[in-house]
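Subject: Structure handover

Hello,

Here is the structure for your files. My notes on the ligand site and two of the sheets follow below it.

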Amino acid sequence: MRIEKANELGLCFGVKRAIGIVEKVAREQGGIETLGALAHNQQVIEKLAAIGVRVVKDINDIQGDTVAISSHGVSPHVEEVIRAKHIKIINTTCPSVRRAQLAAQRLAKASFFVVVYGDAKHIEVKGVLGWADGKGIATLDENLLKKLDQVPRRLGILSQTTQIPEHFTEFVKKLVDSTLTKNAELYIIDTICHSTRKRQTAAIKLAEKADLMLVIGSRTSANTNRLAELCAVVTKTYLVETTEEIKPSWLKGKQHIGITAGASTDEQTINEVVACLEALAKGL
Ligand code: F3S
């Protein structure tokens with residue numbers, strides 16, 4: 001049995017950068033709190049906890065005088081509330097997310113109604129929308145716009161950084177079809193990040209050759225879910241967080257197993273899954 005890793009997988013530059021910044025501050029200060037999880041990955045959180053990085057869910061739970069904002073970023077309002085409490089911010093917002101935030105701000109200031117193609121409940125999307133100062137919505141359903149009392153004439157369209165590019169293109173095409181009337185103005189900015197594109201392309205390429213794909217990552221990680229979604233179209237796919245979820249029966253009759261991992265999955269977890277598959281393959 002052949003076990004092959006995708007050419008691009010695991011921790012992206014944005015999450016690595018955020019971890020690096022927080023680790024440095026935690027070691028210097030003997031610990032630090034992060035507002036929300038730094039990465040949607042339990043293994044990464046546990047490693048950081050060992051050097052004093054504590055996750056707080058709410059601004060009111062912050063106990064120290066410094067807090068780190070995750071790579072997903074937050075709205076300017078959240079930043080203001082933290083500063084009003086005289087708490088210093090260590091901002092690890094990923095530069096790709098920052099680009100989307102600034103695009104939302106620029107569009108809203110230019111009187112465009114901002115439409116973010118993404119999961120409205122996701123922390124990154126909420127933050128990006130916050131930069132549009134309430135002048136926008138987030139949705140994965142182009143029909144939502146039709147439900148507004150009046151479809152805005154000027155629309156600025158962005159994407160959550162971890163969405164599937166082809167799906168964003170489809171969304172935009174449908175919006176063009178349904179909104180390009182009465183002097184409409186559409187401004188489209190592609191804010192899907194390069195790491196997401198590279199991981200998705202590499203995962204599909206491998207899935208086309210493999211008869212089973214394992215996607216390693218958290219079920220709460222947006223980009224991990226997108227990888228699993230894409231691979232499942234091509235071949236049998238399972239999403240696993242750790243080796244404990246792998247069932248030996250999955251491997252029966254399989255010759256070529258492909259591995260990919262979300263942008264917040266660390267190398268150690270990937271190596272553990274590979275070692276587990278190798279051990280199981282020997283026993284078949
Ligand atoms: Fe940034 Fe893309 Fe990673 S937005 S945090 S590089 S998945």
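The ligand lies between domain 2 (13–94) and domain 3 (96–188), because both give residues to the shell around it; the domain bounds come from an automatic or database domain assignment. This is a predicted model, in which local features need pLDDT of at least 70 and side-chain atom pairs count only at pLDDT 80 or more, while totals for chains, interfaces and linings use all residues. Residues are numbered from 1 along each chain as its sequence is written, and side-chain values use heavy atoms, with hydrogens and water left out.

Ligand site

The residues around the ligand (a heavy atom within 4 Å of it) are Cys 12, Phe 13, Gly 14, Val 15, Cys 94, Ser 96, Val 97, Thr 161, Cys 193, Ser 195, Thr 196 and Ala 263. By class, 7 of them are nonpolar, 5 are polar and none is charged. Here Ala, Val, Leu, Ile, Met, Phe, Trp, Tyr, Cys and Pro count as nonpolar, Asp, Glu, Lys and Arg as charged, and the others, Gly among them, as polar.

At least two shell residues come from each of helix H1 (13–29), helix H4 (95–109) and helix H8 (194–207). H1 gives the most, with 3 residues. Helices (H or I, at least four residues) and strands (E, at least two) are DSSP runs, numbered from the N terminus.

Sheets

One open sheet has 4 strands in the order E7-E6-E8-E9, with parallel pairing; two strands pair if DSSP finds at least two bridges between them. Strand E7 (136–139) and strand E9 (185–188) are at the edges with a single partner strand each, so one side of each is left without a neighbour in the sheet. The twist averages 20° from one strand to the next, with axes fitted to C-alpha atoms and angles running from 0 to 180 degrees between N-to-C directions. Strand E6 (residues 113–117) is joined to strand E8 (residues 154–159) by 5 bridges, and Phe 113 stands opposite Leu 155 in E8.

Another open sheet of 4 strands, also parallel in its pairing, has the order E1-E12-E10-E11. Its edge strands, E1 (2–5) and E11 (237–240), each pair on one side only. Strand E10 (residues 212–216) pairs with E11 over 4 bridges, and Met 213 stands opposite Thr 237 in E11.

Regards
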